[in-house]
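Here is a short set of exercises to work through with the model open beside you. Try each task before you read its solution.

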Amino acid sequence: MLTRSIIRPSTTSTILRLQLRAMSSSPSSSSEQLVLSTRSDSNKVSILTLNRPKALNALSTPLFQALNAELEKAEADDSVRAIVITGGEKNFAAGADIKEMKDKQFAEAYTTNFLGSWNKIASIRKPIVGAVAGYALGGGCELAMLCDILIATPKSTFGQPEITLGIIPGMGGSQRLTSLIGKQKAMDMVLTGRKIDGITAEKWGLVSRLTEENQSVVEEAVKIAETISGFGKVAVQAGKEAVNASLDLPLEQGLRLERRLFQQLFATQDQKEGMAAFAEKRKPTWSDK
Ligand SMILES: C/C=C/C(=O)SCCNC(=O)CCNC(=O)[C@H](O)C(C)(C)COP(=O)(O)OP(=O)(O)OC[C@H]1O[C@@H](n2cnc3c(N)ncnc32)[C@H](O)[C@@H]1OP(=O)(O)O
């Protein structure tokens, strides 16, 4: 049974509560609980917490399998309207698991399509809010960038330090980072391993919002996810699809897709309800139809 976590008071108690409640719920995908799965008060937000604190949430293959399994469950569950991915209030993720990778050979990496399944998150249609505290390095930074909205603490650390290990980013870092912050800054981070703090990440466009002092990054992310959960499901999905299309399509095709989605929303009850509610000066009641 999934539990409802209370997302409020202090940072420490929030993490403890999330973890205790998740531990009393069903295992995420393995008995190791590499990803803790809890729900917000409203039950509409699935909160997925990476749980390898001793390894700074290094992204091992089993951890990513657990995350993918939880993402699939959240995507399939009608009661889930939005997803939060976090590493808790200490560290998001210090990258792919270097100890797992260090002896890997080309043939194995190539034939097993190593990291190929890590892109699963990109196929999730429900909105995903990322909550970053501490380190978001390498694959951790890339996972953060795969979230639709990213909230971070001012002191969090982002970076693509793969060059210091004799490799380059392999989970989208060279592509998504460049589209978010531009070629010059992306080159700087990828070729020198430069790390930036949350304040810089927000200034450069890598992060949507920063927490204020004494705010819990998880609580703030859940608030954002709850806000989105309060809107009509069809329009939310269309909004995500349209924005994501801008990353893949030339402008003309992207504009055409946006216009089609916009026009199609006039076939929904939610569009009728939303506009009638505005005219009648009342709150809309969404039917998701
Ligand atoms: C496609 C994607 C590719 C990649 O992502 S490549 C990996 C990119 N990431 C990195 O290069 C970061 C590696 N980690 C670090 O540089 C440091 O950590 C930090 C600066 C983040 C923190 O340093 P400190 O505070 O001194 O902690 P600590 O003692 O180094 O780490 C605590 C434990 O966590 C393990 N750990 C940290 N990052 C990883 C990792 N990425 N893969 C595997 N283990 C990791 C350590 O080894 C250690 O463990 P133990 O206590 O057993 O010695």
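**Exercise 1. A residue and its surroundings**

In which helix is the place of Gln271? Then decide whether Gln271 is buried or exposed, and list its contacts beyond its neighbours within four places in sequence.

*Solution.* Before starting, note that this is a predicted model, in which local features need pLDDT of at least 70 and side-chain atom pairs count only at pLDDT 80 or more, while totals for chains, interfaces and linings use all residues. Residues are numbered from 1 along each chain as its sequence is written, and side-chain values use heavy atoms, with hydrogens and water left out.

Step 1: Gln271 sits in helix H12, residues 269-279. Helices here are DSSP runs of H or I with at least four residues, strands are E runs of at least two, and both are numbered from the N terminus.

Step 2: the relative accessible area of Gln271 is 14%, so Gln271 is buried. The cut-offs are under 20% for buried, over 50% for exposed, and partly exposed in between, with a 1.4 Å probe and protein chains only.

Step 3: with neighbours within four places in sequence set aside, Gln271 touches Leu265 and Phe266. Contact means heavy atoms within 4.5 Å.

**Exercise 2. The whole protein**

How many helices and strands are there in the protein, and what percentage of its residues is buried?

*Solution.* Step 1: the count gives twelve helices and nine strands.

Step 2: of the 289 residues, 46% are buried.

Step 3: take the contacts between residues at least 6 apart in sequence; 65% of them join residues at least 24 apart. For a pair distant in sequence, look at Ser216 and Glu89: 127 residues separate them in sequence, and their C-alpha atoms are 7.0 Å apart. Ser216 belongs to the loop between strand S9 (209-210) and helix H9 (217-229), and is buried at 1% relative accessibility.

**Exercise 3. Two helix packings**

Describe how H6 packs with H7 and how H5 packs with H6.

*Solution.* Step 1: two packed helices are described by the angle between their axes and the distance between the axes. Axes are lines fitted to C-alpha atoms, for helices over the stretch in contact, and angles run from 0 to 180 degrees between N-to-C directions.

Step 2: H6 (residues 173-181) and H7 (residues 183-192) pack at about 140°, and their axes are 7 Å apart. That angle makes H6 oblique to H7. Under 35 degrees counts as roughly parallel, over 145 as roughly antiparallel, 65 to 115 as roughly perpendicular, and the rest as oblique.

Step 3: H6 and H7 cross in a right-handed way. A crossing is right-handed if the near helix is turned clockwise from the far one by less than a right angle, and left-handed if anticlockwise. Leu177, Thr178 and Ile181 of H6 meet Lys183, Lys185, Ala186, Met189 and Val190 of H7. By class, this contact of H6 with H7 has five nonpolar, one polar and two charged residues. Ala, Val, Leu, Ile, Met, Phe, Trp, Tyr, Cys and Pro count as nonpolar, Asp, Glu, Lys and Arg as charged, and the others, Gly among them, as polar.

Step 4: H5 and H6 pack at about 55°, with axes 10 Å apart. H5 is therefore oblique to H6. The crossing of H5 and H6 is left-handed. Glu142, Met145 and Leu146 of H5 make the contact with Gly173, Arg176, Leu177 and Leu180 of H6. The residues in this contact of H5 with H6 are four nonpolar, one polar and two charged.

Step 5: for H5 (residues 139-146), eight of its eight residues are buried.

**Exercise 4. Aromatic pairs**

How many aromatic pairs does the structure hold?

*Solution.* Step 1: there are four. Rings of Phe, Tyr and Trp (its six-membered ring) pair if their centres lie within 6.5 Å; planes under 30 degrees apart count as stacked, over 60 as edge-to-face and the rest as tilted.

Step 2: Phe106 and Tyr110 are stacked, at 5.2 Å centre to centre and 15° between the planes. Phe106 is exposed at 62% relative accessibility, and Tyr110 is exposed at 61%.

Step 3: Phe262 and Phe266 have ring centres 5.2 Å apart and planes at 75°, so this pair is edge-to-face.
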